Amino acid sequence: MTTNRRHTLLLGAVALSMSLLAAACGADPGGSDPGGGSAAPASTAAANEVQAALDAGGTLKVWAWEPTLKQVVAGFQAKYPKVTVDLVNAGTGNDQYTALQNAIKAGSGVPDVAQIEYYALPQFSLAKSVTDLRAFGADQLQGTFTPGPWASVHSGAGVYGLPMDSGPMALFYNKDVFDKHGIEVPATWDDFVAAAEKLHAADPKAYITNDTGDAGFTTSLIWQAGGRPYQVDGTSVAVNFGDAGTQKFTSTWQKLVSGKLVAPIGSWSDAWYKGLSDGTIASLVIGAWMPANLESGVKAGAGKWRVAPMPQWESGGKATSENGGSSLAVPEAAANKALAYAFLKYAAVEEGVQARVDGGAFPATTAQLSSPAFQDKEFPYFGGQQVNKVLAESANQVADGWSYLPYQVYANSVFNDTVGKAYAGGATLSEGLKSWQDASIKYGQEQGFSVR
Amino acid sequence: MAVTRRSWTGWRFAGPFLAVFALVYVAPIAYSFYLSLFRTRLIGGTTFVGFDNYVQAVGDPQFWSAFGRVALFLAVQVPIMLFLALLAALAIDSGRLYGTGFFRISVFLPYAVPAAVAALMWGFMYGAQFGLVGDLNDAFGLSLPDPLSAELVLLSIGNIVTWEFVGYNMLILYSALRVVNPSLYEAAQIDGAGQLRIVWAIKLPALRGALLVATIFSIIGSFHLFNEPAILRNLAPNAITTYFTPNLYAYWLSFAGQRFDYSAAIAIVMGVITMVVAYAVQLRGMRRGALS
């Protein structure tokens with residue numbers, strides 16, 4: 001009997017311990033020190049400090065997944081032989097942020113430089129986990145970058161990263177498929193819906209595009225439509241997906257979802273690449289960083305794809321929005337901030353920019369965007385089209401006044417719990433967005449924001 | 001002097017176990033419990049909140065929806081799986097099968113496939129667009145329901161888990177059957193008992209203890225469902241929510257929501273529930289054992 005009872009208790013205890021494995025991940029509730037940075041814009045002193053760091057040399061650990069940074073690192077090390085750069089791919093997007101948050105919390109293994117997408121940067125700047133780069137004179141770089149990305153690295157007056165690339169949106173389409181079915185390039189979203197119907201009727205296996213519910217895509221389209229669901233003022237946040245711009249988006253996009261006119265294939269999946277290759281996904285409305293991805297991931301599409309301006313919500317309109325795009329930031333816990341800033345500047349402002357453009361990246365610097373060499377470049381993949389002309393024009397038309405939540409990473413992670421229901425057929429897009437709004441408000445309140 | 005030495009001898013035997021036990025077992029639980037008493041906010045930092053996280057967990061509809069889902073899973077999947085395992089064990093033990101070795105290995109083999117790989121493999125088969133289901137639809141002009149749709153996905157996960165664990169449970173039951181003294185069967189045959197009668201009167205009672213163990217493992221396994229939904233979520237993000245199972249919810253709260261504190265509370269609540277259910281089943285099993 002006693003043996004039996006002990007056995008029972010042990011089994012129960014095994015159950016408990018197995019449960020706890022899920023929660024037993026390093027986090028110290030007592031040890032989060034905000035460590036306020038000294039943000040004194042003393043430019044010459046800062047420049048001297050950066051130069052001194054370069055002269056002294058050292059090792060930099062850079063966490064980034066963007067492929068063209070390899071060339072940047074090679075160039076940087078060639079120019080400053082005393083500096084060794086250790087470029088680590090710690091995961092793409094969310095995976096890397098999780099690793100970074102954990103390293104910051106643990107207080108060890110924190111990189112000197114981290115790639116952080118614009119939508120995620122506020123989460124880090126608000127927690128003061130990344131350095132205000134005004135200490136190194138970053139505030140004097142205004143005018144170097146296009147307005148959208150430059151605004152994205154700001155939080156209040158602080159500058160928490162240097163824009164690395166940008167993602168003004170455009171319509172990438174498979175001209176072969178469009179021509180075969182006599183589809184005109186859609187100038188408005190109404191045209192886009194009509195094209196979707198026509199294409200799917202002509203070939204039931206073909207879709208105008210894919211969509212299974214993507215937070216970044218949805219917010220970008222709401223942005224373009226004039227919706228401003230997030231209002232952020234320091235720690236005061238408002239979330240409202242009921243505004244006119246959002247409704248403009250939902251009423252049009254609902255037609256595509258309800259009519260099953262978008263392929264139920266998640267972006268970046270194997271099936272997605274397959275669909276892009278065989279023409280069953282005929283177009284993408286996506287950021288300007290897409291050409292390099294198409295060239296490497298969709299080789300069968302060479303010569304078939306073209307780029308056109310983003311479809312408009314009003315005929316004759318000229319508004320676009322950003323989709324993706326990253327900054328380079330310096331964690332507050334970085335060991336050698338001056339040297340890290342030197343790398344940032346090299347990669348985002350100096351020679352590194354051209355190296356990345358040559359590798360197929362889409363820059364955020366006005367100098368590169370307006371240079372004839374950039375604009376006139378003909379892309380064999382796109383049938384010799386001067387793709388950058390279209391993309392650079394989009395960069396100039398990005399609608400202003402948009403901001404992301406200071407906890408957008410989490411909000412995006414529960415997008416499919418809420419708005420996803422609209423794709424599974426259980427709700428409308430507006431209802432889904434309303435419950436996403438509720439979930440975002442709830443989390444904001446739990447995190448101590450004053451949420452309206 | 002001698003007394004002291006004798007008491008230390010005991011510690012020397014128990015010490016290695018106790019050290020490992022404390023390190024890998026007591027420490028994580030204690031630490032999780034410690035975490036669960038705080039709340040860390042983006043604005044306002046970390047504060048001691050006592051049992052607030054537990055209060056929140058008890059009133060959290062997402063947690064209870066996750067719990068309800070695994071409870072349903074437990075009620076439906078575990079009996080089916082154990083019944084199949086029992087059939088397989090009895091079939092092998094009957095001695096009337098050719099190639100029992102091959103049969104035993106092939107039923108057990110899925111257990112050797114890592115759960116993540118198994119989930120991926122089944123995910124590809126389930127795919128209604130580019131998977132086996134999609135190919136069947138294309139080849140025969142069928143319109144099979146999408147196994148990864150919100151309505152069917154729990155059933156599809158149940159199928160994967162059954163496939164994975166029938167062989168494992170079969171081995172537990174089969175090894176319990178192997179220790180039955182064969183002279184009992186001979187005696188029964190002399191008394192005129194047929195095979196079914198032998199199964200009913202000798203084998204099933206002999207299996208009670210093993211079935212109890214298998215049941216308790218299955219209860220724990222069901223409550224801790226994580227791998228399969230976590231991996232299939234990549235293929236069906238709209239059908240599998242981030243709070244599909246309690247463990248997935250705890251994981252999501254930690255790694256996407258930075259809510260280690262609340263996640264720890266959820267894990268402890270779930271651990272206690274699992275312990276209570278496992279204990280209740282064990283008690284019931286023992287009482288029935290005592291009665292017979």
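User: What makes strand β13 (residues 305-309) of chain A largely enclosed by the rest of the structure?

Analyst: The burial count. In β13(A), 4 of the 5 residues are buried, so the strand is largely enclosed. Buried means under 20% relative accessible area, exposed over 50%, and partly exposed in between, with a 1.4 Å probe and protein chains only. This is a predicted model: local features need pLDDT of at least 70, side-chain atom pairs count only at pLDDT 80 or more, and totals for chains, interfaces and linings use all residues. Residues are numbered from 1 along each chain as its sequence is written, chains are lettered from A and ligands numbered from 1 in the order written, and side-chain values use heavy atoms, without hydrogens and water.

User: How do you know that β13(A) and strand β7 (residues 169-174) of chain A pair?

Analyst: By the bridge count. Two strands pair if DSSP finds at least two bridges between them. β7(A) and β13(A) have 5 bridges, in the antiparallel sense. A:Tyr173 has A:Arg306 of β13(A) as its bridge partner. The strands themselves are DSSP runs: E, at least two residues, while helices are H or I, at least four residues, all numbered from the N terminus.

User: What makes β3 of chain A largely enclosed?

Analyst: Here 5 of the 5 residues are buried, so β3(A) is largely enclosed by the rest of the structure. Both faces are covered. A:Val113, A:Gln115 and A:Glu117 are buried on one side, and A:Ala114 and A:Ile116 on the other.

User: Why is the pairing called mixed in the sheet β2-β1-β3-β14-β6 of chain A?

Analyst: This open sheet of 5 strands has mixed pairing, and β3(A) shows both senses. β1(A) and β3(A) pair parallel over 2 bridges, with A:Val62 partnered by A:Val113. β3(A) (residues 113-117) and β14(A) (residues 326-329) pair antiparallel over 4 bridges. There, A:Glu117 is partnered by A:Ser326.

User: What makes β2 (83-88) and β6 (162-163) of chain A edge strands?

Analyst: Each pairs on one side only.

User: What marks the edges of the sheet β9-β10-β15 in chain A?

Analyst: The criterion is again pairing on one side only, and β9 (230-233) and β15 (450-451) fit it. In this open sheet of 3 strands the pairing is mixed. β10(A) (residues 236-239) runs parallel to β15(A), joined by 2 bridges. A:Ser236 stands opposite A:Ser450.

User: Why are α10 and α21 of chain A called oblique?

Analyst: Their axes cross at roughly 125 degrees and come within 9 Å. Angles under 35 degrees count as roughly parallel, over 145 as roughly antiparallel, 65 to 115 as roughly perpendicular, and the rest as oblique. The α10(A)/α21(A) crossing belongs to the rest, so the helices are oblique. Axes are lines fitted to C-alpha atoms, for helices over the stretch in contact, and angles run from 0 to 180 degrees between N-to-C directions. Contact means heavy atoms within 4.5 Å. Among the residues that meet are A:Trp253 and A:Gln254 of α10(A) and A:Leu433 of α21(A).

User: What makes α13(A) oblique to α14(A)?

Analyst: Their axes come within 4 Å and cross at roughly 50 degrees. That angle makes α13(A) oblique to α14(A). In α13(A), A:Tyr346, A:Ala347 and A:Ala348 meet A:Glu351, A:Gly352, A:Val353 and A:Arg356 of α14(A).

User: How do you know that the buried residues of α14(A) line one face?

Analyst: In α14(A) (residues 351-358), the residues A:Gly352, A:Val353, A:Arg356 and A:Val357 are buried. Seen down the axis, they fall within an arc of 140 degrees, so they line one face of the helix. The arc is that of the directions from the helix axis to the C-beta atoms. Their cover includes α3, α13, α15 and α16 of chain A.

User: Is B:Asn169 buried or exposed?

Analyst: B:Asn169 is buried, at 2% relative accessibility. The residue lies in α7 (residues 153-178) of chain B. Its contacts include B:Met81, B:Leu82 and B:Ser218.

User: Why is A:Asp278 called partly exposed?

Analyst: Its relative accessible area is 45%, which falls between the buried and exposed limits. A:Asp278 sits in α11 (residues 270-278) of chain A.

User: What makes the link between A:Asp278 and A:Thr280 a polar contact?

Analyst: Their side chains come to 2.7 Å. A polar contact is a pair of N or O atoms within 3.5 Å; within protein, one must be able to donate a hydrogen and the other to accept it, and residues adjacent in sequence count only if both atoms are side-chain atoms.

Note on methods:
Lists of a residue's contacts leave out its neighbours within four places in sequence.
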